[in-house]
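User: I'd like to learn how to read a few backbone and side-chain features in a structure. Can you walk me through it one feature at a time?

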Amino acid sequence: MTSHTTRTESAYDVVLIGGGVMSATLGALLKLLQPDWSIGMFGRLDDVAKESSNAWNNAGTGHSALCELNYTPSRADGTIDISKAVGVNEAFQLSRQFWAYLVESGVIASPRAFLNPIPHMSFVWGDENCDYLRRRYEALKDHPLFSGMRFSTDPAQLAQWMPLVMEGRTAGPKLAATWIASGTDVNFGALTHLLVNFLSGQPGFDLKLSHEVEDLKQDASGAWRVSVRDLTTNATVPVAARFVFIGAGGGALPLLQKTGIPESKGVGGFPVSGQFLRCTNPDIVARHHAKVYGKASVGAPPMSVPHLDTRVIDGREGLLFGPYAGFSTKFLKQGSLWDLPKSIRMDNLGAMLAVARDNMPLTRYLVQQVLQSNETRLNALRDFVPNARAEDWELITAGQRVQVIKKDEKKGGVLQFGTEVITGANGTVAALLGASPGASTAVSIMLTVIRKCFAGELPRWDAKLKEMIPSYGGPLADRPELCAHVHDWTTRALQLEG
């Protein structure tokens, strides 16, 4: 992409499909790198950030592997594999740097509008789990990205870190926890609005809400012809674009399939819904100030790790526990029950059947979750809040997540947890599929899109990228001095000293 398209009402250099944090992040990066490019953002709802990016549709954890135990599996010899934890933390550091740049350059007036310091904790019980957590702590504590982590089995110390979790707890299995002050709570809905507000103030940007993308085809010239329906008038609007990003959350898979690119063949999706218990008693909310993650149940998907989360939304603290997994054939919270059936094609049917065959524990887990009673949900909460009363908590429905299914030569098909960028057609289209750590690593993911789809522009953009993201181009873990500088700078700029 070297030439600049003359902008008309229906032609753009870049079209962003979806009004969430992913599209907003890519739009902000591209507008800062190439201010003269025209960008159109199309969202099917009447506002941005109403699906997975909405604050109440996710736990708001700044996923940096400080507390998420599924990122640090135990090897057969008892040692802890920290490679994924380091990778996730590295990715989150890119987000922190970009956000700090946006604050210092005046794009975002106050980081407190979307970001707050909240300690991150891991909490386990039982001798085996406590031994695992100790080994995990020993493996992480001296790593520069995890400095400041503390470990304890002392009930008195645990009561200081998480008083609500320890109140009313009777003698029982051994307890252990890690605590680190550098964790964060992120309101991704607020961040999305801030980024879109910035974009809306720039020349060459159009925000089209209540507009649903129904089809997209590439013409002989390599440009994309995007068919968009204006949901207020029901009129179909033709749109041309040189590059299309499909960042529509669970809705990305059907649109990727409509591109017809070879890379879309054999890709399927498995939707998982989620629910949380939200505390309605302000006195209880005030007694907890941390994100406390436990261990996932046997057969549970990684995004179903139980956690008790302090949230800060619109300046007010809240408290969530969950998630409780469920199943729906919808790909979006405000989607259709036909989403899953319509996504099944001859090219992905074999992979989907193979995944169904090989993931019976997950199926059993989801069935149990769907059928569980309110009392069962409350008992799970009492593992974290022993004195929990039903009248202090309400059940809310969170966002839909669609896990990626891909063909596999040996197994026929595999279910992937995490996020994946699929690109094709000579880098003129990219789609983001998957779930956690998702939004927390949006900047890292969008840099992947830029590397794959805008390689010809990178020599011109390199200096600006390093200005916005000083560690761009290499891991922080290998550069301890830069790691310390970036930590101090982002902590100060983002007001995370607390």
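Analyst: Sure. Keep in mind that this is a predicted model. We can begin with Ala49, which sits in the loop between strand S2 (39-42) and helix H2 (83-104).

User: What is the phi of Ala49?

Analyst: The general idea comes before the case. Most residues other than glycine have a negative phi. Ala49 has a positive phi of about 60 degrees, although it is not a glycine. With a relative accessible area of 6%, Ala49 is also buried, because the cut-off for that is under 20%.

User: Which loop holds Asn234, and what is its phi?

Analyst: Asn234 belongs to the loop between strand S10 (224-230) and strand S11 (235-246). Its phi is positive too, at about 65 degrees, and Asn234 is not a glycine either.

User: On to strands. How many bridges join strand S14 to S15, and which way do they run?

Analyst: For pairing, look at the bridge count and the direction. Strand S14 (residues 307-313) and S15 are joined by seven bridges and run antiparallel. One bridge partner pair is Val312 with Glu317 of S15. The hairpin of S14 and S15 has two residues between the strands, and Asp314 takes a positive phi near 55 degrees there.

User: How many bridges join strand S12 to S15?

Analyst: Five bridges link strand S12 (residues 268-279) with S15, again antiparallel. Here Gln275 has Tyr324 of S15 as its bridge partner. As for burial, S15 (residues 316-326) is mostly covered, with nine of its 11 residues buried.

User: What kind of peptide bond joins Gly322 and Pro323?

Analyst: Again the general idea leads. Most peptide bonds are trans. The bond between Gly322 and Pro323 is cis, with omega about -5 degrees. Pro323 lies in strand S15, so you can place this bond against the strand we just discussed.

User: Now side chains. How many salt bridges are there?

Analyst: The count comes to 23 salt bridges. When you read one, check the N to O distance, then the burial of both partners. Take Asp185 and Lys291, whose side chains meet at 2.8 Å, N to O. Asp185 lies in strand S7 (residues 184-186) and Lys291 in strand S13 (residues 291-293), so the pair ties together parts that are 106 residues apart in sequence.

User: Are Asp185 and Lys291 buried or exposed?

Analyst: Both Asp185 and Lys291 are buried. For another case, Glu375 forms a salt bridge with Arg382, the closest N and O atoms being 3.3 Å apart. Glu375 counts as partly exposed at 43% relative accessibility, and Arg382 counts as partly exposed at 28%.

User: How far apart are the closest N and O atoms of Glu391 and Arg389?

Analyst: In that salt bridge they are 3.7 Å apart. Glu391 counts as exposed, at 57% relative accessibility, while Arg389 is partly exposed, with a relative accessible area of 42%. Elsewhere, Asp185, Lys291, Asp309 and Arg311 are joined into one network by salt bridges that share partners.

User: Last feature: at what angle do helix H1 and helix H6 pack?

Analyst: Read the angle, the axis distance and the handedness together. Helix H1 (residues 21-33) and helix H6 (residues 188-200) pack at about 35 degrees, with their axes 9 Å apart. H1 passes H6 in a left-handed crossing. Among the residues making the contact are Ala24 and Leu32 of H1, and Leu191 and Phe198 of H6. The residues of this contact divide into 10 nonpolar, three polar and one charged.

Definitions and conventions: Residues numbered from 1 in each chain as written. Predicted model: local features only at pLDDT ≥ 70, side-chain atom pairs only at ≥ 80, totals over all residues. Heavy atoms only, no water. Axes fitted to C-alpha atoms, helices over the stretch in contact; angles between N-to-C directions. Helix = DSSP H or I, 4+ residues; strand = E, 2+ residues; numbered from the N terminus. Left-handed = near helix turned anticlockwise from the far one by under 90°. Contact = heavy atoms within 4.5 Å. Nonpolar A, V, L, I, M, F, W, Y, C, P; charged D, E, K, R; others polar. Buried < 20%, exposed > 50% of the residue type's maximum accessible area, 1.4 Å probe, protein only. Pairing = 2+ DSSP bridges. Salt bridge = Lys/Arg side-chain N within 4 Å of Asp/Glu carboxyl O.
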